[in-house]
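Okay, thanks everyone, let's get going. I'll put the structure up and talk you through how the chains meet and what sits around the DNA.

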Number of protein chains: 2
Amino acid sequence: MSGTIRLLLADDHPVVRTGLRAVLDTEPDFEVVAEAADAARAVRLATTEQVDVVLMDLRFGAGMHGSDATAAITALPDAPRVLVLTTYDTDADILAAVEAGATGYLLKDAPPEELAAAVRTAAAGQSALAPTIAHRLMDRMRTPGTALSRRETEVLELVADGLSNQAISKRLFLSQATVKSHLVHIYGKLGVDSRTAAVAVAVDRGLIRR
Amino acid sequence: MSGTIRLLLADDHPVVRTGLRAVLDTEPDFEVVAEAADAARAVRLATTEQVDVVLMDLRFGAGMHGSDATAAITALPDAPRVLVLTTYDTDADILAAVEAGATGYLLKDAPPEELAAAVRTAAAGQSALAPTIAHRLMDRMRTPGTALSRRETEVLELVADGLSNQAISKRLFLSQATVKSHLVHIYGKLGVDSRTAAVAVAVDRGLIRR
DNA sequence: CCGCGAATCAACCTTTCGATCGATGCACCG
DNA sequence: CGGTGCATCGATCGAAAGGTTGATTCGCGG
């Protein structure tokens, strides 16, 4: 762990990559060894290049999602650390990234010093979470009753796609009664009393992926 | 229009501002004279500094929206040109920016050369639209029957917030009959038959602001 | 001036949704 | 073993939403 920290930048915005380079190159112990404009390329580069930390965006214009790339990278033998750096702080994004094995999670509005510090923390193998992110994760732990079950999330996503209860029941091979039952539980957990309100809250909290 | 083009950068991400500086400073005829981390400050700086082109992000973390700032800036005497530079290409964002008087609209995934070219185009007072954006605007023009009216959009946004017809009618000082009437028209234009489906399609097409 | 679309409202009917009961099976955990 | 959470289903009833038809006002452009 001595010497320079080798970095891979994965972001689909050239301007952001340039900015990251400019910010990180001022640190004498950092070296940006590669850039990727999409998630698939990031995975490839992470396998071929010798990298210590990957700075990973989550949402790319098209193709693989950043959290999928993160999972692929952390599964590698002698894997580099993945530090997620994104604009979005929705629950769905955060959870996906953490489950995929991300070492840290930063928001793009972070000041440069914080960014550099997080890279060093990640390189040392310790988790680096932005305060906002840490808060959200704590919230989830504290109130387990609020989290939607897998099935409930599945139903809610179909609701968000505009399907009726009947359509959902056919899609999931359930009776309408079951769909309604799930919805009642969802309403209770989200504190709403209609499907559209449930979707609004879920999107707001980032409980479902759009 | 001789000499250097004076720029103001308005973006809430330090990394992006650094990246833009790095990219634009390589052009000999550009000079970045100021940066703003929020929309309100951008408006202030646009009034006090001598600026030719403002590079404006649309969504800031909190506070004023970029399109509002754009409107405020273009309303100034001897106003600078505003070149919108954002991640999002939803109809709602594009329309708001164009109506606010933006001279151009670029996406952040644009390559640096394109960016520099757009700045020069904007400085010359000509509109600079990314291909994707131009497409969308043309689409709107070509199919006027599909476009939602102002009122319809207003109703649909409240539906997306999870409000019932009754709640919407009170909010907009209408009868429920009118709200229903608007919804029927919306369903027809979007090709759906329920409020949740309408919201799904509208979000998908970027017709409403989230 | 007249047509047309947008916005507003009304009455009526059908379907869907939500609320409230209830019940069963299953898996996990202390 | 008993409790707890999840997933599944049924029945009922009132409320909300959607479909239909028809009508009025207003502004804009040919």
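So, the two copies meet through the same surface, because 100% of the interface residues of chain B are also interface residues in chain A. Keep in mind that this is a predicted model.

How many residues does each chain put into the contact? Chain A gives 29 residues, and chain B gives 29 residues. On the chain B side, the elements giving two or more residues are helix H1 (14-25), helix H7 (150-160) and helix H10 (195-205). H1(B) gives the most there, with eight residues. And if you like to think in chemistry, that side of chain B has 15 nonpolar, eight polar and six charged residues.

Now, symmetry. You can lay chain B on chain A with a turn of 180° and a shift of 0.1 Å along the axis, and the RMSD is 0.8 Å. That is how a two-fold axis relates copies. Which C-alpha of chain B is nearest the axis? That would be the one of Gly19(B), 1.7 Å from the axis.

On to the DNA, strand D. There are 21 residues surrounding strand D, and the closest are Ser149(A), Arg151(A), Leu174(A), Ser175(A) and Ser164(B). Both chains supply helices here: H7 (150-160) and H9 (176-190) from chain A, plus H8 (165-171) and H9 (176-190) from chain B, each with at least two residues. The largest share, five residues, comes from H9(B). By class, the surface near strand D has 10 polar, six charged and five nonpolar residues.

Technical notes
Residues are numbered from 1 along each chain as its sequence is written. Chains are lettered from A and ligands numbered from 1 in the order in which they are written. This is a predicted model: local features need pLDDT of at least 70, side-chain atom pairs count only at pLDDT 80 or more; totals for chains, interfaces and linings use all residues. Two residues are in contact if their C-beta atoms, placed from the backbone, lie within 7 Å. Helices (H or I, at least four residues) and strands (E, at least two) are DSSP runs, numbered from the N terminus. Ala, Val, Leu, Ile, Met, Phe, Trp, Tyr, Cys and Pro count as nonpolar, Asp, Glu, Lys and Arg as charged, and the others, Gly among them, as polar. A residue is near a molecule or strand if its C-beta atom, placed from the backbone, lies within 6 Å of it. Copies are superposed by least squares on the C-alpha atoms of residues with pLDDT of at least 70 in both.
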